[in-house]
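Q: I'd like an unhurried, close look at one part of this: the DNA-facing surface. Start there, and then add whatever else helps me place it.

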Protein chains: 2
Amino acid sequence: MPRRQFNALDYSDPMLVRILDAGEQCIRRFGIRRTSMGEIARVGKLSRGSIYRYFGTKEALVEGIIRRQQQDFLNRTEAKLEQESSLADKVTLAILVGRKDMQEGMFGSLAEIEPETLAMMFLDPRFYRRSLSFWPQHIRMAQAAGEIDAELDVDLVADMVVRLAASLVMVPRMGVQLKTRKALRQYLQQMLKLGPA
Amino acid sequence: MPRRQFNALDYSDPMLVRILDAGEQCIRRFGIRRTSMGEIARVGKLSRGSIYRYFGTKEALVEGIIRRQQQDFLNRTEAKLEQESSLADKVTLAILVGRKDMQEGMFGSLAEIEPETLAMMFLDPRFYRRSLSFWPQHIRMAQAAGEIDAELDVDLVADMVVRLAASLVMVPRMGVQLKTRKALRQYLQQMLKLGPA
DNA sequence: TATTGAACAATAATCATTTTTTGTACATTT
DNA sequence: AAATGTACAAAAAATGATTATTGTTCAATA
């Protein structure tokens with residue numbers, strides 16, 4: 001079975017990659033608001049006109065950068081998931097990878113520089129939709145393994161997993177401490193097996 | 001069984017209520033940023049000094065207003081819950097009440113005037129913690145009725161319910177359409193009964 | 001004794017102005 | 001063909017002077 005890829009843009013185009021790399025670097029350093037197309041052009045050593053050929057607006061470019069970030073996250077997670085067996089283990093792993101990215105990656109910088117922007121993203125349905133297609137396959141595997149009820153609507157479970165995982169990444173501790181892998185694993189194991197014993 | 005109250009401040013103090021009412025009215029109209037202590041004093045027909053006697057800072061006052069809003073939400077929900085039997089029905093109701101508040105109430109105004117502020121609240125653990133103590137009682141009832149596994153950790157389930165409900169209030173539609181009571185009810189019914197048939 | 005209102009320095013918001021950036025067009029270069 | 005660089009009007013952001021707000025204190029008032 002070939003490893004799935006979560007792509008949308010043609011990342012083999014070196015010009016496109018240069019734009020995205022430069023843009024990402026700028027966002028890391030200055031945040032989205034304080035990053036200008038001219039600055040991105042300077043950092044990427046290309047012309048402003050070229051950027052506008054690939055992305056019609058700054059908004060579209062930012063969207064492209066976030067998109068790639070999320071796709072990269074999904075691809076790295078997917079690669080690691082091969083070692084995990086149960087759905088609870090998979091979701092645990094995805095949350096841990098997400099939290100690490102949120103500390104060290106672009107979103108982490110954004111959280112420090114422009115927390116309101118990050119908070120707004122978190123309320124944006126598009127942000128969630130990009131992750132939705134990741135889960136159905138794994139949910140079906142869990143159903144085939146008898147891990148969860150085979151009658152359950154796969155898309156509903158995927159929706160719940162995305163909501164829960166996003167919440168656990170963005171708000172790691174509220175009432176219960178869900179910091180360690182073990183605590184998370186236990187939490188998800190219980191949540192994904194709710195119902196009569 | 002007496003109906004529970006979710007209180008913290010002494011709402012029998014008319015001065016306190018006048019401050020909170022005036023503050024809430026200002027936030028509804030202008031948002032948090034554009035509301036000043038002087039304006040609240042004017043609207044509430046009291047002195048700025050009095051406000052500072054009750055709330056040391058503007059931040060504390062805003063916290064008090066939000067607190068009362070959430071407590072009011074919980075009290076109204078609690079009252080309505082008496083008609084609902086299953087946990088899925090109760091959570092459905094809470095989400096529907098929450099969504100209505102989010103459209104018509106103070107948070108709705110805030111969503112229009114200062115969306116970033118509302119988004120930041122949604123990432124604040126305190127916002128969640130205020131709702132956490134609401135659920136354990138109902139979860140135990142569901143366990144007693146054999147609706148969910150009696151072995152499950154009550155606090156963990158409460159945590160999940162709060163995360164899921166908050167997400168469904170703030171992001172009503174992502175992949176699946178969860179707009180109607182019926183769709184929500186079915187979603188939650190399946191989610192709260194995850195596990196082998 | 002609680003509330004008021006005035007004074008105050010430090011901080012933050014506002015506003016008009018200047019500067020930068022955006023998005024588009026097009027002639028030039030590679 | 002694709003990328004560059006310049007020009008341009010409209011929109012947005014940085015700037016700095018000005019005004020308002022915050023949080024504290026305290027004497028006056030109810």
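**The DNA-facing surface**

A: By class, the surface near DNA strand D has five nonpolar, seven polar and five charged residues. In that count, nonpolar covers Ala, Val, Leu, Ile, Met, Phe, Trp, Tyr, Cys and Pro, charged covers Asp, Glu, Lys and Arg, and the others, Gly among them, go down as polar. Keep in mind that this is a predicted model, where local features need pLDDT of at least 70 and side-chain atom pairs count only at pLDDT 80 or more, while totals for chains, interfaces and linings use all residues; side-chain values rest on heavy atoms, with hydrogens and water left out. For the labels, residues are numbered from 1 along each chain as its sequence is written, and chains are lettered from A and ligands numbered from 1 in the order in which they are written.

Stay with DNA strand D for now. There are 17 residues around it, and S50(A), M37(B), R48(B), Y52(B) and K58(B) come nearest. "Near" here asks for a heavy atom of the residue within 4 Å of the molecule or strand. Seen from the DNA side, 72% of the strand D atoms within 4 Å of the protein belong to sugar or phosphate, and the rest to bases.

The polar contacts give this some detail; each is a pair of N or O atoms within 3.5 Å (within protein, one must be able to donate a hydrogen and the other to accept it, and residues adjacent in sequence count only if both atoms are side-chain atoms). A polar backbone atom of M37(B) sits 2.9 Å from a phosphate oxygen of DNA strand D, and a polar backbone atom of S47(A) is 3.1 Å from a phosphate oxygen of that strand. R48(A) goes for a base instead: an N or O atom in its side chain is 3.5 Å from a base nitrogen of DNA strand D.

Which helices carry this surface? α3 (48-54) of chain A, plus α2 (37-44) and α3 (48-54) of chain B, each supply at least two residues. With four residues, α3(A) gives the most. Helices here are DSSP runs (H or I, at least four residues; strands are E, at least two), numbered from the N terminus.

Now over to DNA strand C. Of the 17 residues around it, M37(A), R48(A), K58(A), S47(B) and S50(B) come nearest. Sugar and phosphate make up 68% of the strand C atoms that come within 4 Å of the protein. Three side chains are worth zooming in on, each with an N or O atom facing a phosphate oxygen of DNA strand C: S47(B) at 2.9 Å, Y52(A) at 3.1 Å and Y54(B) at 3.4 Å.

For strand C, the helices supplying at least two residues each are α2 (37-44) and α3 of chain A, along with α3 of chain B. α3(B) has the largest share, four residues. By class, the strand C surface splits into five nonpolar, seven polar and five charged residues.

To place all this, step back to chain A. It has 11 helices and zero strands, and its C-alpha atoms fill a box of roughly 65 × 40 × 25 Å, taken along the principal axes.
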